[in-house]
Amino acid sequence: MKLAILFLASLGVFAQDNQPTVRVEVTADNKPVAGASVQLGRQTVQTAEDGSATATASLGPLMITVTKEGFFPANASIDITDASARTVRIELQPQDKVEEQITVHATRTDARIQDSPLRVEVLNREEVEEKMLMTPGDIVMMLNEMGGMRVQTTSPSLGAASVRMQGMRGRYTKFLSDGLPLFGQQGAGLGLLQIPPVDLGQVEVIKGNSSALYGAGAMAGVVNLIARRPSTEPIREFLFNQTTLGGTDAFGFYGKQLTERWGMTVLGSGDWQERKDRDGDGWADLAGYSRGLVRPRFYWDNGHGRTALLTGGITVENRAGGTMEGAVLPATQQPYREALDTRRYDLGGTTQWLIADRYVLAARFSTSRQQHEHQFGEVRERDSHELLFGEVSLRGANGSHTWVIGAAAERDAYRPKDVPRFAYTYITPGIFLQDDLTVTPWFSVSASARADFHNQYGTFFSPRLSALLRWAGWTSRVSAGQGFFAPTPLTEETEAAGLTRLQMPTPLRAERGRSASVDLTRAFGPVSLTSTFFAANIRNPIFVNRGDAYTISNLNNQTTNRGVELLGTWRKAPFSATASYTYVRSREQETSGMPADVPLTPRHSLGLVGVWEQEGKGRLGIECYYTGQQRLEYDPYRNVSKPYLIFGIMGERRVHKHARLFLNLENLTNIRQTRWDPLLRPNRGSDGRWTVDAWAPLDGRVINGGIRFNF
């Protein structure tokens, strides 16, 4: 018996001695990587100082996965057929060092951008500055040049615009400032033209249905504008800009850490634009305006996880378009003045408290009031918009879970003095929760859900599920969600024409939407490639008929969006280049019952941007944008627009340690819609408008330049 036991033990030792060993050598940039986690089948070992890790294995196929903070995960597989030792060399690809420092706040968990299952696109301060030099007075160009986003002019007479995200209409995109709806529910339209980029530190964009995160008005996505923070050294900046079309912008920005705990920033700006008739038809192709804005911000941080922000703003603007003074008009047209005076006041704040070193209690509030006085020829419309918002949430982490639970309430009121039949007051309390789960280093999931209890349209349930997968240098995100939009008479069309003539045959119903997207990203050294496939359906979409009658109603069908975004970037200091392509097929069935493309939505859009930048000296940028054909609606001159190509050059040069000069040549090919067709209609439309929709630039070639002071 003893001999048998000794014999079996010797066989076990012999088998163990003859078990194959695998040595994994992990490097990055031809240097060993210590402390990497190496998973060989069911075993996990750490690499030593020389970047190697050794473990025994069994005969057969073996999967090896290597992970290390700051690097993309890498995989390899081998087939072990005998007991000989093997060496496997794995090269890790470092993640972008700049990306490592980016924290995104729009996801509610303040996750790093590369760790968030929810895809968030970010413009950092350098990219914001580049766009700021092109249009210092507003964020329109900054948003228009992001892939999958198109800023559509909604009022040719006044220049109002809205953001169409992945082909969806502007009312479905929610605009926030540091997570606060300071711009009211009318952040689109003229609101975009009243937001300067000078005090922005970061811009975050979530595409796809985000009602699970932010409730109504976020079915297309969310744009979160993050302000610049004060620093220990005072920030004093002044910018002056002048254009060849009579535009002037002047900005002053100051920021400083006042004490160890308190800091502040303040932005003051003034913008002026002359009315311009570019084609000599007696109509202003470029609206005139004068605007002033003041926005202070106060920051508090006790250094122990408790922070607060308090901000307020005042915006005053008078804008006018329509017939030029002294113009000779056709006999069929009478002088027509279109104008809008705006007064906006807002106040908001956020606070975070770290509790028991485990939980974060957060609260947000804001209130805003906008007063408008519209002039549509002989018609005057006065109104006010009021928004009151509050939210409380609790965030914590337990093991691999990061969760958020909270409650919010919102009161949105519209008070039209001259058309009181369209007045409304929406009160919407809601509750929400979110759970981000890191299953493995290469797989994580984010699940969120929200229930909103609308005082007029009932209860809405909005879920969203997102997943992040990483393997062998590839990164993929999959996301799907649903949401809603509480209807109002305020659309892109009614903003341009007013409400006096508008008829509503039946009460409006809530719009409901679903969306899904899949993207895939891979970096090859200095090159990064991303492809995104997206789809969305909107049920009961609101439709404004401007044919024989001017009416608003719900369609008894769906609007569908299908498309793809392709993005490629190349960065190798001091050069960088970006190429983007977007294909969108947005379809709807109008009152006739026939399917058709959504108007003013090009199927094909292409952008190419190249930048040279050297710290302390300056930058030079070249850009080219192609816009494909668009279906037109109620246009007597054509049913489909012309495609067009726009070129631009931008340069900045430091001339003193405190001063930089900049020059921007926009639309060098002088593309103007009025070079193909008149802007004015031969007869007035049923909505009272004299102009067709804008499907191409109206201002043409523009050169602007100025000086920036930092001291």
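I235 sits in strand β15 (residues 235–243); strands here are DSSP runs of E, at least two residues long, and helices are runs of H or I of at least four, both numbered from the N terminus. The model is a predicted one, in which local features need pLDDT of at least 70 and side-chain atom pairs count only at pLDDT 80 or more, while totals for chains, interfaces and linings use all residues. Residues are numbered from 1 along each chain as its sequence is written, and side-chain values use heavy atoms, with hydrogens and water left out.

With a relative accessibility of 15%, I235 counts as buried (under 20% relative accessible area; exposed is over 50%, partly exposed in between; 1.4 Å probe, protein chains only). Beyond its neighbours within four places in sequence, I235 is in contact (heavy atoms within 4.5 Å) with R228, R229, F253, Y254 and G255. Its C-alpha atom is separated by 45 Å from that of Q629, 394 residues apart along the chain.

Turning to the interior, the largest nonpolar core (buried Ala, Val, Leu, Ile, Met, Phe, Trp, Tyr and Cys residues joined through side-chain atoms within 4.5 Å) has 29 residues, and I139, L143, V203 and V223 have the most contacts inside it. At least two residues of this core come from each of α4 (140–144), β10 (149–155), β11 (160–165), β13 (200–207), β14 (221–227) and β29 (527–539). Not counting residues up to four places away in sequence, I139 touches F175, L192, I195, P196, P197, L200 and L225. Another core, of 21 residues, lies apart from this one and includes V22, V24, I64 and L92.
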